[in-house]
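Dear colleague,

I am passing on a structure that you have not worked with before, and my notes follow it. Please look through the model first and then read on.

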Amino acid sequence: MLLKAGWQGRNTLTALCGGEALDAGLAEQLCARTRRLWNCYGPTEATVWSLVSEVRWPPTDGQITIGHSLPGYRHWVLDEAGQPVAEEERGELCIESPALCEGYWRKPALTVAAFLRVDVHRLYRTGDRVRRLGADNFLYLGRRDDQVKLRGFRIELGEVEAGLRRQPGVQEAAVRLVGEGDEAMLVGYVEAKSGVTLNRLALRKGLQATLPHYMVPARLILLDALPKTGSGKLDRKALPLPE
């Protein structure tokens with residue numbers, strides 16, 4: 001909202017960005033307008049931020065991570081069986097901390113579903129999918145609900161979106177699963193940076209060089225701007241269906 005209002009920033013400021021996944025387009029603009037930029041992650045249930053990562057432009061390997069644990073927090077990545085995953089594996093991010101809330105007021109079933117114990121450790125299930133990059137560094141992939149299955153393959157929509165955002169000239173991107181059965185397919189939606197004309201073939205080749213074949217969208221739709229809700233978040237329901 002600040003950038004759309006014409007905010008030019010100040011080279012003495014340190015910016016903290018949280019609440020939504022930090023995309024490459026926004027990170028690039030904020031890095032250019034501030035002295036330092038930190039990507040902050042954490043849900044209300046953990047008394048807000050539990051992970052932070054300093055963002056430098058361009059980011060290492062083109063990836064903006066959600067970073068490293070703040071004091072008093074420990075982060076786990078668990079598979080569907082509730083077991084910790086190995087480095088570079090994907091799973092659900094869980095938080096351990098004395099700062100975790102006790103549960104949800106008068107909602108015992110929701111509390112039981114959201115909090116679990118692994119031996120003596122009490123964890124909060126964030127519902128966020130991540131890839132464990134190292135002992136204490138994580139790449140956000142999207143919400144657990146954003147994982148889809150296409151022709152037997154489990155696909156993280158957030159990972160496909162991140163692949164699109166890494167392509168030259170891309171400002172923002174979104175991906176959704178359209179159709180059912182044999183007609184189901186991934187559709188990618190792309191917004192170009194100001195003054196840039198994107199080429200679908202070049203985008204597809206870029207994705208094919210970095211993603212498995214089953215994660216490359218069957219259709220790419222170029223939009224002047226991705227639809228947003230009144231609060232500025234992506235409005236997935238308003239993404240147009242392919243003709």
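**Two domains and what lies between them**

The centres of domain 1 and domain 2, taken over C-alpha atoms, are separated by 23 Å. Please keep in mind throughout that this is a predicted model. The domain assignment of the protein places domain 1 at residues 2–143 and domain 2 at residues 147–238, and across the two, 16 residues of domain 1 are in contact with 11 residues of domain 2.

The UniProt record can be set beside this assignment. In an unreviewed entry, UniProt lists residues 14–105 as "domain: AMP-dependent synthetase/ligase"; over that stretch the chain is 11% helix and 32% strand, with its end C-alpha atoms 36 Å apart. The unreviewed entry also lists residues 159–233 as "domain: AMP-binding enzyme C-terminal", and over those residues the chain is 21% helix and 29% strand, while the end C-alpha atoms are 18 Å apart.

Where does the second largest pocket lie with respect to the two domains? Both domain 1 and domain 2 give residues to its lining, so the pocket lies between them. The space in this second largest pocket comes to about 250 Å³. Its lining is made up of 20 residues, of which R90, R131, E156, E159 and M215 are the closest to the centre of the pocket. Strand 8 (121–134), strand 9 (137–143), strand 11 (153–156) and helix 3 are the elements that give two or more residues to this lining. By character, the lining residues of the second largest pocket divide into 9 nonpolar, 4 polar and 7 charged.

Helix 3, which spans residues 157–165, deserves a separate word, as it is mostly covered, with 7 of its 9 residues buried. Those buried residues are L157, G158, E159, V160, E161, G163 and L164.

One residue of this helix brings several of these points together, namely E159, which is found in helix 3 and is among the residues closest to the centre of the second largest pocket. Is E159 buried or exposed? Its relative accessibility is 11%, and because buried means under 20%, E159 counts as buried. Leaving aside residues up to four places away in sequence, E159 touches R90, R131, L141, L211 and M215. Of these partners, R90, R131 and M215 are also listed with E159 among the residues closest to the centre of the pocket.

With kind regards

Technical notes
Residues numbered from 1 in each chain as written. Predicted model: local features only at pLDDT ≥ 70, side-chain atom pairs only at ≥ 80, totals over all residues. Heavy atoms only, no water. Buried < 20%, exposed > 50% of the residue type's maximum accessible area, 1.4 Å probe, protein only. Helix = DSSP H or I, 4+ residues; strand = E, 2+ residues; numbered from the N terminus. UniProt positions renumbered as here; feature names shortened; annotations may be inferred. 1 Å grid on protein atoms, 1.4 Å probe; cavity = no way out; pocket = protein on both sides within 12 Å on 5 of 7 lines; lining within 4 Å. Points joined across faces, edges and corners; volume = space filled by probe spheres on them. Nonpolar A, V, L, I, M, F, W, Y, C, P; charged D, E, K, R; others polar. Domains from an automatic or database assignment. Contact = heavy atoms within 4.5 Å.
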